[in-house]
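Student: Could you take me through one part of this predicted model in detail? I would like a close, connected account of a single strand and of what surrounds that strand.

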Amino acid sequence: MNKLVIFLFLTLSVQVNAQRFTGKNGKINFFSETPIEDISAVNNKVSAVFDASTNDLVFQLNITDFKFPIALMQEHFNENYLESDLYPLSTFTGMIEGLGDLDLSNQQEVEVTGEMLMHGVKQMLTLTATISMK
């Protein structure tokens, strides 16, 4: 795959206490442009916890929840590439950088830095995310 672009869109819903928010309907998209065919998928079942007092963010998703426009792509993704039977989950543990006063009444674009675990491999990432509360 050429470039892999991950867009993270978290919809934080239930307020656990004064500073901690959880959500079960987060959304992650990815897109890769290739010479033969572009590859894209979306996962609308991302669970997340955000602690506003520390700006810590954790999310988890099932690999098999990624949906592709072509069923064969989804089959190859799960069986040949990410081996979702052996590595069913992906997690991210990180922090929202440079977040001043949190205004979740409007969507905000933020930078998130942390460690992603996918397919048994840990990797440090910096992502652009949109965060809001509903």
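Tutor: A good place to begin is the pairing of strand β3, residues 20–32, with strand β4, residues 39–51, since the two run antiparallel and are joined by 10 bridges. Within this pairing, I28 stands opposite N43 of β4, and the connection from β3 to β4 is a hairpin that passes through 6 residues. On its other pairing, β4 is joined by 5 bridges to strand β5, residues 56–62, and these two strands also run antiparallel. Here V49 faces V58 of β5 as its opposite number. The link between β4 and β5 is again a hairpin, with 4 residues between the strands, and N55, which sits in that turn, has a positive phi of about 65°.

With the strand pairings in place, the aromatic side chains can be added to the picture. There are 7 aromatic pairs in the model, counted by ring centres that lie within 6.5 Å. In one of them, the ring centres of F21 and F50 are 6.5 Å apart and the planes meet at 20°, so this pair is stacked, the cut-off for stacking being planes under 30 degrees apart. F21 belongs to strand β3 and F50 to strand β4, and with 29 residues separating them the pair links distant parts of the chain. F21 has a relative accessibility of 7% and therefore counts as buried, the limit being under 20%. F50, at 0% relative accessibility, counts as buried as well. A further stacked pair involves β5: F59 and F92 lie 5.2 Å apart from centre to centre, with 15° between their planes. This pair too links distant parts of the chain, since F59 is in strand β5 and F92 is in strand β6, 33 residues apart. Both F59 and F92 are buried.

At another place in β4, S40 offers a view of the neighbouring chain segments. S40 has a relative accessible area of 27% and is therefore partly exposed, a class that lies between 20% and 50%. Leaving aside residues up to four places away in sequence, S40 touches F30, F31, K67, F68 and P69. The C-alpha atoms of S40 and F66 are 9.4 Å apart in space, while the two residues are 26 positions apart in sequence. Two of the residues that S40 touches, F30 and F68, belong to one aromatic cluster together with F66 and F77.

The loop that follows β5 also reaches β4, and D65 is the residue to look at there. D65 lies in the loop between β5 and α1, and its contacts, not counting residues up to four places away in sequence, are with V42, N43 and K45. N43 is the residue that stands opposite I28 in the strand pairing described above. Although D65 is buried, it has no salt bridge, and the nearest side chain of opposite charge, that of K45, is 4.1 Å away. A salt bridge is counted here within 4 Å, so the separation of 4.1 Å between D65 and K45 does not qualify.

Helix α1, which spans residues 71–81, completes the surroundings of the strand, and its buried residues are M73, Q74, F77 and N78. Viewed down the axis of α1, these buried residues fall within an arc of 125°, so they line one face of the helix. The general geometry fits this pattern: an α-helix has 3.6 residues a turn, so residues three or four places apart point the same way. On the other side of α1, A71 and E79 are exposed. The cover over the buried residues of α1 includes β3 and β4, and F77, one of these buried residues, is also a member of the aromatic cluster with F30, F66 and F68.

Just after α1 comes E83, which takes a positive phi of about 45° although this residue is not a glycine. E83 lies in the loop between α1 and β6, the latter covering residues 89–97, and its relative accessible area of 26% means that E83 is partly exposed.

Terms used:
Residues numbered from 1 in each chain as written. Predicted model: local features only at pLDDT ≥ 70, side-chain atom pairs only at ≥ 80, totals over all residues. Heavy atoms only, no water. Pairing = 2+ DSSP bridges. Buried < 20%, exposed > 50% of the residue type's maximum accessible area, 1.4 Å probe, protein only. Arc of directions from axis to C-beta. Contact = heavy atoms within 4.5 Å. Lys, Arg positive; Asp, Glu negative; His and termini not counted. Phe/Tyr/Trp six-rings, centres within 6.5 Å; stacked < 30°, edge-to-face > 60°.
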